[in-house]
Amino acid sequence: MGQKNDPHLRSDAQRNRERILEVALAELSRAADTPLSAIAKKAGVGQGTFYRNFPNREALVLEIYRHEVQQVADTASVLLESGEPDRALRAWMDHLARFAMTKAGLGDAIRQALNTSSGKAAKPGHTPVIDAADLLLRACEEAGTIRPGVTTDDFMLAIAGLWQLAPHENWQPQATRLLDLVMDGLRAGAPGRQGPSFGSGRL
């Protein structure tokens, strides 16, 4: 009695779900047709647990994508709390690069999910990511650490090259160079800029 309200059971269920998503992301990025049974086994959960969380491949793939979108969006406010706005923006750009590689790596799996016979799937949008970018840009502008007047559309267009990188190759150095160039451009003409520009150099 009362098991449904047991916090321990709820935390176990959440850990199972997160473990499935973690394993599925890695496996489906490598091979879009990886059997769901193989994902469940590697995640250390039974078939019943797996299918209670994700009744089919379509549900799993789209939840991975939604989860990754929300993860990168949530990082923005955390970074703002722990550092200067321009440093937070540059660090968040690294998270965005990893998300871009996740999206590219899952491309085949996403296409398969969207082409299922049910016809009910709708690819989740990037709205949380757009909102996170806007939050960071406005914080930077208010602090005077980027040039004024940069819109979220401007920013997304400037970093669009991330989606051209090959996820299965050594993409990190090129992504770092690209994002450092974008960050230098954002800082140029900033009213509160002091000292030389800098990039994170890390991904």
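**Exercise 1. Check the length of helix 7, then find which side of it is covered.**

Step 1: Start with the span. Helix 7 takes in residues 127-143, which is 17 residues. The rule is 1.5 Å times one less than the number of residues, so you should expect 24 Å. In this predicted model, the end C-alpha atoms of helix 7 are indeed 24 Å apart, which agrees. (Helices here are DSSP runs of H or I with at least four residues, strands are runs of E with at least two, and both are numbered from the N terminus.)

Step 2: Now look for buried residues, meaning those under 20% relative accessible area; exposed is over 50%, and partly exposed is in between, using a 1.4 Å probe and protein chains only. In helix 7 the buried ones are Val 129, Ala 132, Ala 133, Leu 136, Leu 137 and Cys 140. They cover an arc of only 130° around the axis, so they sit on the same side of helix 7. That arc is taken from the directions between the helix axis and the C-beta atoms.

Step 3: Turn the helix around. Thr 127 and Glu 142 are exposed on the other side of helix 7.

Step 4: What covers the buried residues? The cover includes helix 4 (57-82), helix 5 (85-105) and helix 8 (152-158).

Step 5: Finish at the end of the helix. Gly 144 comes after helix 7, and its phi is positive, near 75°.

A quick note on the bookkeeping: residues count from 1 along each chain as its sequence is written, and side-chain values use heavy atoms, with hydrogens and water left out. Because the model is predicted, local features need pLDDT of at least 70 and side-chain atom pairs need 80 or more, while totals for chains, interfaces and linings use all residues.

**Exercise 2. Describe helix 5 and place Asp 94 in it.**

Step 1: Helix 5 has 21 residues and reaches 30 Å from its first C-alpha to its last, close to the 30 Å expected.

Step 2: Count the covered positions. In helix 5, 16 of the 21 residues are buried, so the helix is mostly covered.

Step 3: Zoom in on Asp 94, which belongs to helix 5. Its relative accessible area is 6%, so Asp 94 is buried.

Step 4: Look for a partner. The side chain of Asp 94 makes a polar contact with the side chain of Arg 90 at 2.6 Å. (A polar contact is a pair of N or O atoms within 3.5 Å; within protein, one must be able to donate a hydrogen and the other to accept it, and residues adjacent in sequence count only if both atoms are side-chain atoms.)

**Exercise 3. Work out the surroundings of Arg 19.**

Step 1: Arg 19 lies in helix 1. With a relative accessible area of 33%, Arg 19 is partly exposed.

Step 2: Leave aside neighbours within four places in sequence, and Arg 19 is in contact (heavy atoms within 4.5 Å) with Lys 42 and Ala 43.

**Exercise 4. Sum up the chain and decide where to be careful.**

Step 1: The protein chain has nine helices and zero strands. Of its 203 residues, 39% count as buried.

Step 2: Check pLDDT, the predictor's confidence in each residue from 0 to 100. The mean for the chain is 85, and 85% of residues reach 70 or more. Over residues 195-201, though, the pLDDT is below 50.

Step 3: Where pLDDT is low, don't read the predicted coordinates in detail.
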